[in-house]
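Got the viewer open? Let's take a short walk through this model, one selection at a time.

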Amino acid sequence: MPINVNVADNIAELVLDHPPVNAFNSQTWNELPAIITDLGKRQDVRVLLIRAEGKGFCAGVDIKELAADSAAIVEVNKGNYETFKAIHHCEMPVISAPHGFVIGGGIGMCGASDIVIASDDCFFSLPEIDRGAMGGASHLQRMIPLTKVRSAFLTGGQITAQEMHRLGGIENVVPRDKLEEEAHKLAALVAGKSRDALRIAKQALNGIEPFDVDASYRWEQGFTFEMYMHEDSQKSRDAFVETGKAADFGDE
């Protein structure tokens, strides 16, 4: 199972564990929303902590699945949307504790969370433009300013955890070997509050956000469908599967 769950001391820990890079297929993305929602409703849970094992937090979707069957994008999009929405509207607060890389769908998970604490080796990236897709900017924009989001989206570049912290998108940056410990300390601090107060606070905070991240992400996904109708999209996916690199469109 690529997802492991443990509940103790009012903390629900959801661990992403799908080697080598925690990239999930459509089935896993569509299983995650119910897991997250159900954990948030448990009376013995006051905070949900999402972390990962392996090289990095989450590399997003399984590009190999999409390269083999472009129609899989329908279920992948649905699973992404419902997962991020489940985190955003989880009855209890959600803390994400990424390390290594946060790519594509990993951005959506962190961007939908209430608090993010990251390791000092962590970077955030939206490589969709090099993978023949769109999406993810809405959730990154929930963390950092619009101009930085546009730069990252249009270049497919990386943003370090230190830069994310400087821009206000991350609560804290800690050494890699201290991440799990520090994330649990933060979760324990939240878990010590009244469950009813946390539930009400989450609703209040969601209600005063400057834009509807769920609707904005759904808007973005429409452009993923449009991109998938273009031959450049398949070329991008094929290049990544075959070489691990972006396709070269420089001579066109």
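Start by selecting Ile103 and Ser125: Ser125, in E9, is the bridge partner of Ile103. Keep in mind as you look around that this is a predicted model. Now widen the selection to the strands themselves. E7 and E9 (residues 123–125) pair in the parallel sense, over 3 bridges.

Next, add E10 to the view. The three strands make an open sheet in the order E7-E9-E10, with mixed pairing. Which strands sit at the edges? They are E7 (101–103) and E10 (158–160), each of which pairs on one side only. Neighbouring strands in this sheet are turned against each other by 20° on average, ignoring direction.

Keep E7 and E9 on screen and bring in H4. This helix lies across E7 and E9, and runs at about 95° to E7.

Now pick up the helix partner: select H3 (residues 73–88) along with H4 (residues 105–112). Their axes come within 8 Å and cross at roughly 20°. Angles under 35 degrees count as roughly parallel, so H3 is roughly parallel to H4. As for handedness, the crossing of H3 and H4 is right-handed.

Show side chains where the two helices touch. From H3 you want Phe84, Ile87 and His88; from H4, the residues they meet are Gly105, Gly108, Met109 and Ala112. Colour that H3–H4 contact by class and you'll get 4 nonpolar residues, 3 polar ones and no charged ones.

Time to move elsewhere: select strand E4 (residues 47–52). Is E4 largely enclosed or open, and why? All 6 of its 6 residues are buried, so E4 is largely enclosed by the rest of the structure. Turn the strand around and check both faces, because buried here means under 20% relative accessible area. On one side of E4 you have Val47, Leu49 and Arg51, on the other Leu48, Ile50 and Ala52, and all of them are buried.

Then look at what E4 pairs with. Add E2 (residues 11–16): E2 and E4 are parallel and share 6 bridges. To see one such pairing, zoom in on Ala12, whose bridge partner in E4 is Leu48.

For the last stop, select E6 (residues 94–96). E6 and E4 run parallel too, joined by 3 bridges. Centre on Leu49 and you'll find Ile95 of E6 standing opposite. Leu49 is also one of the buried residues from the E4 stop.

How values were computed. Residues are numbered from 1 along each chain as its sequence is written. This is a predicted model: local features need pLDDT of at least 70, side-chain atom pairs count only at pLDDT 80 or more; totals for chains, interfaces and linings use all residues. Side-chain values use heavy atoms; hydrogens and water are left out. Axes are lines fitted to C-alpha atoms, for helices over the stretch in contact, and angles run from 0 to 180 degrees between N-to-C directions. Helices (H or I, at least four residues) and strands (E, at least two) are DSSP runs, numbered from the N terminus. Angles under 35 degrees count as roughly parallel, over 145 as roughly antiparallel, 65 to 115 as roughly perpendicular and the rest as oblique. A crossing is left-handed if the near helix is turned anticlockwise from the far one by less than a right angle, and right-handed if clockwise. Contact means heavy atoms within 4.5 Å. Ala, Val, Leu, Ile, Met, Phe, Trp, Tyr, Cys and Pro count as nonpolar, Asp, Glu, Lys and Arg as charged, and the others, Gly among them, as polar. Buried means under 20% relative accessible area, exposed over 50%, partly exposed in between (1.4 Å probe, protein chains only). Two strands pair if DSSP finds at least two bridges between them.
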